[in-house]
Amino acid sequence: MEVDHSRRSLMAPKISLLPHLISSGIDRKNSSNRIVINVGGARYETYKTTLKNIPDTRLSWLTNTSGPNSDYDPVTGEYFFDRHPGVFNMILNYYRTGKLHSPTDVCGPLFEEELAFWGIDEKQIEPCCWSNYRAHRDAQVTLAEYDGERRKDKRGNVKQEYTYL
Ligand SMILES: [Zn+2]
């Protein structure tokens, strides 16, 4: 089998760690398609075409090369965001696979905040992770109802309010 050496030489060795991305066509192998994103000190490499998979989000905007971007560091060649690196794994996986799963090692409100920062709609969360993600809201409602009942007993009114954990 012939290997296109001229193209191969443009590729950094690290690319071999991402075989699932290489199968997507010649255009994706172009080094100008590569992008490095540093999230809270953890370095992630991906393709601009991958980030374009979910349009109208903060990451897809990085691929618009027109104009300066304050998140870009020309010295390191990286985009830097001081956000939760573990959660970002799941965010980036969403761009790669089109499926959004919530991490099991962080609580719902934290994931909710990160989704808001990256501009991703929580409704995109897969059914397998949805009830787990929603659990914190159900707990808040239960607590608010309990709190409301208690207030009614004491003060004779039905003031209902949400209590955040
Ligand atoms: Zn899931």
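**Exercise 1. Find the residue that follows helix 7 and give its phi.**

Solution. Helices (H or I, at least four residues) and strands (E, at least two) are DSSP runs, numbered from the N terminus. Helix 7 is followed by Gly 119. The phi of Gly 119 is positive, near 75°. The model is a predicted one, in which local features need pLDDT of at least 70, side-chain atom pairs count only at pLDDT 80 or more, and totals for chains, interfaces and linings use all residues. Residue numbers start from 1 along each chain as its sequence is written.

**Exercise 2. List the buried residues of helix 7 and state how they are placed around its axis.**

Solution. Step one is the burial class: a residue is buried if 20 or more other C-beta atoms lie within 10 Å of its own, exposed if 12 or fewer, and partly exposed in between, with C-beta atoms placed from the backbone. In helix 7 the buried residues are Phe 111, Glu 114, Leu 115 and Trp 118. Step two is the view down the axis of helix 7: its buried residues fall within an arc of 100°, so they line one face of the helix. The arc is that of the directions from the helix axis to the C-beta atoms.

**Exercise 3. Which elements give two or more residues to the largest nonpolar core?**

Solution. A nonpolar core is a set of buried Ala, Val, Leu, Ile, Met, Phe, Trp, Tyr and Cys residues joined through C-beta atoms within 7 Å. The largest one has 20 residues, of which Val 87, Ile 91, Tyr 94, Tyr 95, Trp 118 and Ile 120 touch the most other members. Strand 1 (34–39), helix 6 (85–97) and helix 7 (108–118) each give two or more residues to this core. Helix 6 gives the most, with six residues.

Next, take the contacts of Ile 91, where two residues are in contact if their C-beta atoms, placed from the backbone, lie within 7 Å. Leaving out residues up to four places away in sequence, Ile 91 touches Glu 114, Trp 118 and Ile 120.

**Exercise 4. Is Phe 81 buried or partly exposed?**

Solution. Phe 81 belongs to strand 4 (residues 78–81). Phe 81 is partly exposed because 18 other C-beta atoms lie within 10 Å. Its contacts, not counting residues up to four places away in sequence, are Val 39 and Asp 71. Phe 81 and Gly 40 are 41 residues apart in sequence, and their C-alpha atoms are 6.2 Å apart in space.
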